[in-house]
Amino acid sequence: MTHKGLFIGILLITLSTHSSYCNNNLSYVDCFVQLKEDVLTVGNSKIERIFKFNNGHLITRHILNKETGFQWNTTDNTPDISFPGITDKADLESFRTYIVEQTLSKEAYVEVEIIYKVDQLFVKRIIRLYPDCPAIGFDFYFKGNIETPKWYDPGFIHESLTDVRFVASRNARSQVPVLEKLSLPGKHWTYRVVDLYEMTDHLNDLVTVHDYQAYHERLYRGNILFAQNLENDEGVFLLKEAPSPNAQLKYLSGDYLASFGEIRMIGPGIDADDIIPSAWMPGYSAVMGVFSKDEYSSLKSLRTYQNKLRSRTSDRDEMVMMNTWGDRGLDSRINEKYILEELDICSRLGISHFQIDDGWQTGKSPATAGQGGSFDDIWDRDNYWIPNKVNFPSGFTPIVEKGKKVGIEICLWFNPSYTDNYVNWEKDANVLVNLYKQYGIRTFKIDGLRIHNKLSELRVDSMFKKVEKALNNDAVINLDVTADKRFGYLYKNGYGNIFLENRYSDFASYYPYWSLRNLWTLSKYVPAQDLQIEFLNKWRNKEKYKNDLFAPELYNFDYLFAITMMSQPLAWMEAHNLPEEAFSLGETIKKYRKIQENIHQGLILPVGEEPNGKSWTGFQSICEDTGYFLIFRELNDMPEYRMKTWLEPGTKIELEPILGEGSGFTATIDDNGKIPFSLIKKNSYSLYKYKMVK
């Protein structure tokens with residue numbers, strides 16, 4: 001059965017508390033579900049997980065890596081999830097399996113829904129199975145009338161949970177909510193824990209990675225945990241689908257409790273006080289996947305799962321966007337005449353999307369030049385989000401029509417109203433829907449979010465869902481993560497891409513190698529294709545970088561663009577301000593656009609050294625027998641460098657230069673996984689397409 005043209009229906013199996021659950025099976029593509037006697041088996045061609053059903057309060061018994069044939073047999077007979085003060089005895093309410101239909105933004109997949117009751121708490125657990133994916137997702141919802149102590153107790157967190165001796169005694173386990181538990185045999189485990197950061201207006205180190213040898217139980221901070229057993233080299237990864245730790249709600253100061261092969265994911269982002277009898281309250285989600293032998297296997301498993309969350313389409317998701325805000329003109333030039341002129345200039349550069357930032361609306365924002373506007377109580381004015389009639393006398397119609405004529409899609413900036421925890425979310429959604437209906441605009445940069453509590457989270461997510469549904473799943477939510485608490489890299493991230501950072505030459509906060517470093521470090525754990533990385537007008541503000549070794553003006557404009565190629569490139573500038581010499585970049589962008597989708601179809605991982613302005617560094621986009629290398633020689637004295645790749649030793653490849661200054665060559669990967677790259681000039685780059693040869 002193919003994914004396309006699915007009718008696929010909804011409820012296929014339903015069991016009540018009085019039903020026998022013998023021989024209830026579901027299969028779709030390679031996914032399968034079987035509930036027989038007291039055993040639930042779920043999986044696909046890559047992974048299988050077997051539970052004791054336990055009236056819905058699942059207990060993992062076996063985990064199978066189907067690619068290697070290795071099976072983990074668990075060592076604990078208690079339920080996978082647990083909550084302080086709540087018994088393990090469960091009563092099943094319902095069980096059903098169904099196929100979630102394919103849309104323009106998601107492929108079809110299988111869900112298993114289990115609802116059960118423990119004490120006065122109702123738990124809805126949804127298992128997500130994706131075809132050809134070595135990982136399984138778990139979503140959690142809660143309702144009821146709970147009469148237990150708070151799950152989130154700041155006193156306990158700051159006194160006991162941060163006490164190494166208390167945690168090592170295993171006394172913390174029963175006092176924190178647990179979303180996922182693995183109890184696997186063996187003492188010889190290594191843990192790699194990845195902590196990600198947004199709030200890029202304030203931070204410039206976006207990834208920290210810590211490696212640990214398992215020992216007594218301790219608390220680990222980070223959304224992603226890779227666990228590998230040294231005796232058999234088999235591993236599992238756990239992903240907490242939540243905002244990054246700096247932005248999580250009701251955060252317990254860590255995400256995992258782990259000792260020898262025993263790992264507990266903690267913290268659902270809600271407290272017992274958030275749960276009510278009348279409606280399901282969602283918590284954070286858990287993902288578990290399998291890998292074997294090496295880091296590449298672990299990253300491939302993680303990325304395979306991440307790519308299932310949104311189906312990318314070339315005409316909607318592949319872009320080279322221009323947003324004029326990077327030149328700090330603010331809203332002073334956001335008007336019809338200026339933008340029409342910008343579009344003509346952008347067409348010379350090969351820009352595919354033009355985003356009109358803050359200033360298009362009638363209402364005045366805090367950034368409005370000389371106006372002192374506000375985002376407070378936006379909906380006290382019905383015309384706040386109507387295009388400014390002075391600057392746009394005909395609305396956006398002339399701009400959209402001009403964009404179509406020159407092949408550029410028009411996009412908009414939008415700041416939802418945070419008043420009373422986004423109480424006006426439906427009105428905000430209607431603004432975006434109406435802009436689509438009237439002008440066909442479907443890509444929206446969402447700025448200014450303040451997700452400080454669960455109510456705000458639910459309402460903002462409801463806004464996104466309403467827009468998605470109204471646009472038939474063809475919208476792009478371009479989520480700004482530069483400030484405050486927002487959804488981020490790993491949470492609610494199936495709506496579009498991420499606007500990563502504001503960097504300005506006006507404040508000397510833009511350095512090319514900083515942007516390259518941020519993309520390079522993130523690309524192991526976040527799809528580079530889902531990030532917008534900016535390049536700026538290097539001819540502006542030269543005086544701000546006087547005698548600076550890494551000043552933007554010292555790099556070719558081509559090089560600045562090349563830094564963004566593995567991401568969704570963002571021209572953070574006004575085209576009007578570019579000198580004539582800048583437009584030679586147009587040929588590069590036009591060539592890049594022809595292969596952009598092919599590059600982004602691969603597994604993109606960093607290669608070489610971490611960028612520091614003086615390194616040899618880059619990226620590899622990996623397909624089956626082909627791919628791309630994007631190689632940078634920064635400011636160093638080495639014209640040749642042997643770079644470690646993600647290819648197997650002994651592999652022979654031919655490399656064809658596509659863009660930049662490299663020459664074609666044939667190479668065999670050495671015993672250390674390396675091949676030599678040559679670039680004659682400092683601060684130069686080359687984009688190669690490679691293919692394996694026999």
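Here are some notes on this predicted model, point by point.

1. The barrel. Eight strands are the place to start: 8 strands close into a barrel, in the order β22-β23-β24-β25-β26-β27-β28-β29, and the pairing is parallel. For a concrete look at one seam, take strand β23 (residues 353-356) and strand β24 (residues 409-414), which pair in the parallel sense over 4 bridges. On that seam, H353 stands opposite E409 in β24.

2. A helix over the barrel strands. Staying with β24, have a look at helix α7 (residues 425-439), which lies across β24 and β25 (443-446). Its direction relative to β24 is about 165°.

3. E180. This residue sits in strand β12 (residues 178-183). Is E180 buried or exposed? With 1% relative accessibility, E180 counts as buried, the cut-off being under 20%. As for a polar partner, the side chain of E180 makes a polar contact with the side chain of R49, at 2.9 Å. Leaving out residues up to four places away in sequence, E180 also touches a set that includes D80, I81, F138, L238, I263, R264, M265, A286 and M288.

4. Cysteines. How many disulfides does the count come to? The count is 0. Two cysteines show the reason. The sulfur of C133 has its closest cysteine sulfur in C31, 8.6 Å away, so that pair is too far apart for a bond. For C346, the closest cysteine sulfur is in C411 at 11 Å, which is also too far for a bond. A disulfide here would need the sulfur atoms within 2.5 Å. C133 is buried, with a relative accessible area of 0%, and C346 is likewise buried at 0%.

5. Helix α9. Where α9 (residues 512-522) is concerned, 10 of the 11 residues are buried, so the helix is largely enclosed by the rest of the structure. The buried residues are P512, Y513, S515, L516, R517, N518, L519, W520, T521 and L522. Note that the list takes in R517 and N518 as well as W520.

6. Helix α11. What is worth a look in α11 (residues 585-600) is a kink of about 45°, centred on K594. The buried residues of this helix are L585, G586, T588, I589, Y592, I595, Q596, I599 and H600. When reading that list, recall that an α-helix has 3.6 residues a turn, so residues three or four places apart point the same way. Among the buried residues, Y592 and I595 come either side of the kink centre at K594 in the numbering.

Key: Residues are numbered from 1 along each chain as its sequence is written. This is a predicted model: local features need pLDDT of at least 70, side-chain atom pairs count only at pLDDT 80 or more; totals for chains, interfaces and linings use all residues. Side-chain values use heavy atoms; hydrogens and water are left out. Buried means under 20% relative accessible area, exposed over 50%, partly exposed in between (1.4 Å probe, protein chains only). Helices (H or I, at least four residues) and strands (E, at least two) are DSSP runs, numbered from the N terminus. A polar contact is a pair of N or O atoms within 3.5 Å; within protein, one must be able to donate a hydrogen and the other to accept it, and residues adjacent in sequence count only if both atoms are side-chain atoms. Contact means heavy atoms within 4.5 Å. The bend at a residue is the angle between axes fitted to the seven residues ending there and the seven starting there. Two strands pair if DSSP finds at least two bridges between them. Axes are lines fitted to C-alpha atoms, for helices over the stretch in contact, and angles run from 0 to 180 degrees between N-to-C directions.
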